[in-house]
Amino acid sequence: MHKTNLLNAVVVIIGAAIIFLGLNIGLGGIKTLGWQSTRDFFAITDAATFQTQDSHIRFIGGVWFAVGAVFVIGGFALRRLRPTLIILSAMIATAGLFRLSCMDTEVLFSAAIAPSLIFELVGFPLLAWWLMASSKSDAKIIKGVQSQ
């Protein structure tokens, strides 16, 4: 029972962090690097293209916010949303692989990227595994209750 409560808490905490990051990107956009910085880090030379790309980034931030919301809800409805959380964890791990396409190890292993990359490529697969393992534990408990 304590393992399930710990898993629920971890899922809620992860969801809250993802919600924060989604708000960060969705409301902050490209120009401010989300809420991470207030300094200008580039010059806009094509306002129309910038606005289009900024809108796309804000949309992606909204998607990330929604993913976080599903994790938070999943922490309270783990049995019902377990398959969804496993799929989302796999999607996040897959998205982490896309970071590797920059082919710049200096960037990938920098303090700004490495923690996220490790969490995406190691943490989320481990979370998916934990969610799958907890499903097996739930099944054993249910079988034990039904046989009594």
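# Buried residues and helix packing

Me: Is Asp54 buried or exposed?
Reply: In this predicted model, Asp54 has a relative accessible area of 6%. Buried means under 20%, and exposed means over 50%. The value for Asp54 falls under the 20% limit, so Asp54 is buried.

Me: Which helix holds Asp54, and which residue does its side chain reach in a polar contact?
Reply: Asp54 is found in helix α2. Leaving out residues up to four places away in sequence, Asp54 touches Gly29, Ile30 and Lys31. Its side chain also makes a polar contact of 2.6 Å with the side chain of Arg58. The helix is therefore α2, and the polar partner is Arg58.

Me: What span does α2 reach from its first C-alpha to its last?
Reply: α2 has 30 residues, and the expected rise is 1.5 Å a residue. The expected span uses one less than the number of residues, and for α2 it comes to 44 Å. The span in the model is close to that expectation, at 44 Å.

Me: Which residues of α2 are buried?
Reply: A residue counts as buried when its relative accessible area is under 20%. In α2 this applies to Asp54 and also to several glycines, namely Gly61, Gly68, Gly74 and Gly75. The rest of the buried set in α2 is Phe50, Val67 and Phe71.

Me: At what angle do the axes of α2 and α3 cross?
Reply: Two packed helices are described by the angle between their axes and the distance between those axes. For α2 and α3, the axes come within 8 Å, and α2 passes α3 in a left-handed crossing. On the α2 side, the residues that meet α3 include Trp64, Val67 and Phe71, and on the α3 side they include Leu81, Leu85 and Ile92. The crossing angle is roughly 145°.

Me: Which helix gives the most residues to the largest nonpolar core?
Reply: The largest nonpolar core has 15 residues, and those with the most contacts inside it are Val11, Ile18, Phe71, Phe124, Leu127 and Leu131. Two or more core residues come from each of α1 (2-28), α2 (47-76), α3 (78-99) and α5 (114-147). With five residues, the helix that gives the most is α3.

Me: Which residues are in contact with Leu127, leaving aside its neighbours within four places in sequence?
Reply: Leu127 is one of the residues with the most contacts inside the largest nonpolar core. Among its partners farther along the chain than four places are Phe71 and Ser89. The others are Leu7, Val11 and Ile14.

Me: Is Glu120 buried or exposed, and which side chain joins its own in a polar contact?
Reply: Glu120 lies in helix α5. Its relative accessible area is 13%, so it counts as buried. Its contacts, leaving aside neighbours within four places in sequence, are Ile92, Ala93, Gly96, Arg99 and Pro125. Glu120 is thus buried, and a polar contact of 2.7 Å joins its side chain to that of Arg99.

Me: What distance separates the C-alpha atoms of Glu120 and Ile92?
Reply: These two residues are 28 residues apart along the chain. Glu120 is nevertheless in contact with Ile92. Their C-alpha atoms are separated by 6.1 Å.

Me: What is the relative accessibility of Gly26?
Reply: Gly26 lies in helix α1. Leaving aside neighbours within four places in sequence, Gly26 is in contact with Arg58, Gly61 and Gly62. Gly26 counts as buried because its relative accessibility is 16%.

Me: Is Leu108 buried or exposed?
Reply: Leu108 is found in helix α4. Outside its neighbours within four places in sequence, it is in contact with Arg99, Leu100, Cys102, Ile113, Ala114 and Leu117. With a relative accessibility of 5%, Leu108 counts as buried.

Me: What is the phi of Met103?
Reply: Met103 lies in the loop between α3 and α4 (105-108). Met103 is exposed, with a relative accessible area of 71%. Although Met103 is not a glycine, its phi is positive, at about 55°.

Me: How many helices does the protein have?
Reply: From the N terminus on, the elements run α-α-α-α-α. The number of strands is zero. The number of helices is five.

Note on methods:
Residues are numbered from 1 along each chain as its sequence is written. This is a predicted model: local features need pLDDT of at least 70, side-chain atom pairs count only at pLDDT 80 or more; totals for chains, interfaces and linings use all residues. Side-chain values use heavy atoms; hydrogens and water are left out. A nonpolar core is a set of buried Ala, Val, Leu, Ile, Met, Phe, Trp, Tyr and Cys residues joined through side-chain atoms within 4.5 Å. Buried means under 20% relative accessible area, exposed over 50%, partly exposed in between (1.4 Å probe, protein chains only). Helices (H or I, at least four residues) and strands (E, at least two) are DSSP runs, numbered from the N terminus. Contact means heavy atoms within 4.5 Å. A polar contact is a pair of N or O atoms within 3.5 Å; within protein, one must be able to donate a hydrogen and the other to accept it, and residues adjacent in sequence count only if both atoms are side-chain atoms. Axes are lines fitted to C-alpha atoms, for helices over the stretch in contact, and angles run from 0 to 180 degrees between N-to-C directions. A crossing is left-handed if the near helix is turned anticlockwise from the far one by less than a right angle, and right-handed if clockwise.
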